[in-house]
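Me: I'd like to go through a structure with you and ask why things get the labels they do. Here it is.

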Amino acid sequence: MAAAAERIETKPSILSVNNIEVVYDEVILVLRGVSLEVPEGEIVTLLGPNGAGKSTTLKAISGLLKTERGEVTRGSVNFMGEEISNRDPEAIVRRGIFQVMEGRRIIGDMTVIENLRLGAFTRRDGQVRDDIERVFSYFPRLKERTGLAGYLSGGEQQMLAIGRAVMARPKMILLDEPSMGLSPLLVKEVFNIIHKINREQGITMLIVEQNANMALHHAGYGYIMESGKIVLDGTQTELLNNQDVKDFYLGHGGGEERKSFKNLKSYKRRKRWL
Ligand SMILES: Nc1ncnc2c1ncn2[C@@H]1O[C@H](COP(=O)(O)OP(=O)(O)OP(=O)(O)O)[C@@H](O)[C@H]1O
Ligand SMILES: [Mg+2]
């Protein structure tokens, strides 16, 4: 784990989010100066309570904000040396970032294979068929499901949503709460597969999670966000050993008992985020 932590500090960032501000409907300020770095080939997690702005951060990166009347009004998003904030989502997919949205947005009245083909919409090579087989090798149970995707179980739909992202052959996948609505056993399985895809395909991952335990088990680095700001960040080891993280994120399985970071010394200390 310490080795992973050291590795992450020396690797160059594939994605840099620099002090971004996001506004919805021209007036609702949701992100207030968010910065984060994702090193190439790594898994980074973004944690935080409901309404903190986690999904908004992912949408600011993928360009999907546009579809919800949202806009990056300050700061920059740099991907592989290029400024991408406020670009069209399709242009961002072509550059290599694919977002798996919260709540697995698969197409229910299409089959598994048709859904997977959709993921490859930007590709013109002849290897789509091979890649479908590759996705089935990660998610064998999807291969057996020949009916409409709408009849898949929750876990299978999440697997299909991730498989569809892999079909785009992206450099980076943004995952919004892959554990949502899944049984503990299935959460474990899905995270193991995500990690395997990261290692074998070299796809960088930025994962938003409420399940801090699971996310920090797999991510080399993590950020914690509250009320539109990053309040804490650190390596896997640092966060797992941080008393505040233990008390508020790891201890109670993310229930109502969790207090706010705002009242803690560690929050005040991190001036660079304020
Ligand atoms: N399209 C939108 N228009 C206006 N406000 C929005 C929009 N989407 C999100 N918000 C607001 O922005 C804030 C952050 O929302 P966001 O969905 O990013 O939070 P989150 O951290 O992903 O929460 P959750 O854990 O519940 O998914 C919330 O107060 C939410 O009401
Ligand atoms: Mg969200």
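Me: This is a predicted model, right at the start of my notes. Which residues does Asp233 touch, leaving out those up to four places away in sequence?

Reply: Yep, the model is predicted. Asp233 touches Gly222, Tyr223 and Ile224.

Me: How do you know that these count as contacts?

Reply: The cut-off is on C-beta atoms placed from the backbone: two residues are in contact if those atoms lie within 7 Å. Gly222, Tyr223 and Ile224 pass that test with Asp233. For Gly222 there's also a C-alpha to C-alpha value: Asp233 and Gly222 are 5.6 Å apart in space, though 11 residues apart in sequence.

Me: And where does Asp233 sit? Why is it called buried?

Reply: Asp233 belongs to strand S10, residues 229-235. As for the label, you count other C-beta atoms within 10 Å, and 20 or more makes a residue buried. Asp233 has 20, so it's buried.

Me: Now the helices. What makes H7 roughly parallel to H8?

Reply: Look at the angle. Helix H7 (residues 154-167) and helix H8 (residues 184-201) pack at about 10 degrees, with their axes 11 Å apart. Angles under 35 degrees count as roughly parallel, so H7 and H8 get that name.

Me: Which residues meet there?

Reply: From H7 you have Gly155, Gln158, Met159, Ile162 and Val166, and from H8 you have Leu186, Val190, Ile194, Ile197 and Gln201. Sorted by class, that contact has 7 nonpolar, 3 polar and no charged residues.

Me: On to the sheet. In what order do the strands come, and why are S2 and S5 said to stand at the edges?

Reply: The open sheet has 4 strands in the order S2-S1-S4-S5, with antiparallel pairing. S2 (28-39) and S5 (82-83) each have a single partner strand, so one side of each is left without a neighbour in the sheet.

Me: How do you know that S1 and S2 pair?

Reply: Pairing takes at least two bridges. S1 (residues 13-24) and S2 have 9 bridges in the antiparallel sense, so they pair. For instance, Leu15 has Val38 in S2 as its bridge partner.

Me: Last one: what surrounds ligand 1?

Reply: There are 15 residues around ligand 1, and the closest are Tyr24, Asn50, Lys54, Ser55 and Thr56. S2 and helix H2 (54-62) are the elements that give two or more residues to that shell. H2 gives the most, with 3 residues. By class, the shell has 4 nonpolar, 7 polar and 4 charged residues.

Terms used
Residues numbered from 1 in each chain as written. Chains lettered and ligands numbered in written order. Predicted model: local features only at pLDDT ≥ 70, side-chain atom pairs only at ≥ 80, totals over all residues. Near = placed C-beta within 6 Å. Nonpolar A, V, L, I, M, F, W, Y, C, P; charged D, E, K, R; others polar. Axes fitted to C-alpha atoms, helices over the stretch in contact; angles between N-to-C directions. Parallel < 35°, antiparallel > 145°, perpendicular 65-115°, else oblique. Buried ≥ 20, exposed ≤ 12 C-beta atoms within 10 Å, placed from the backbone.
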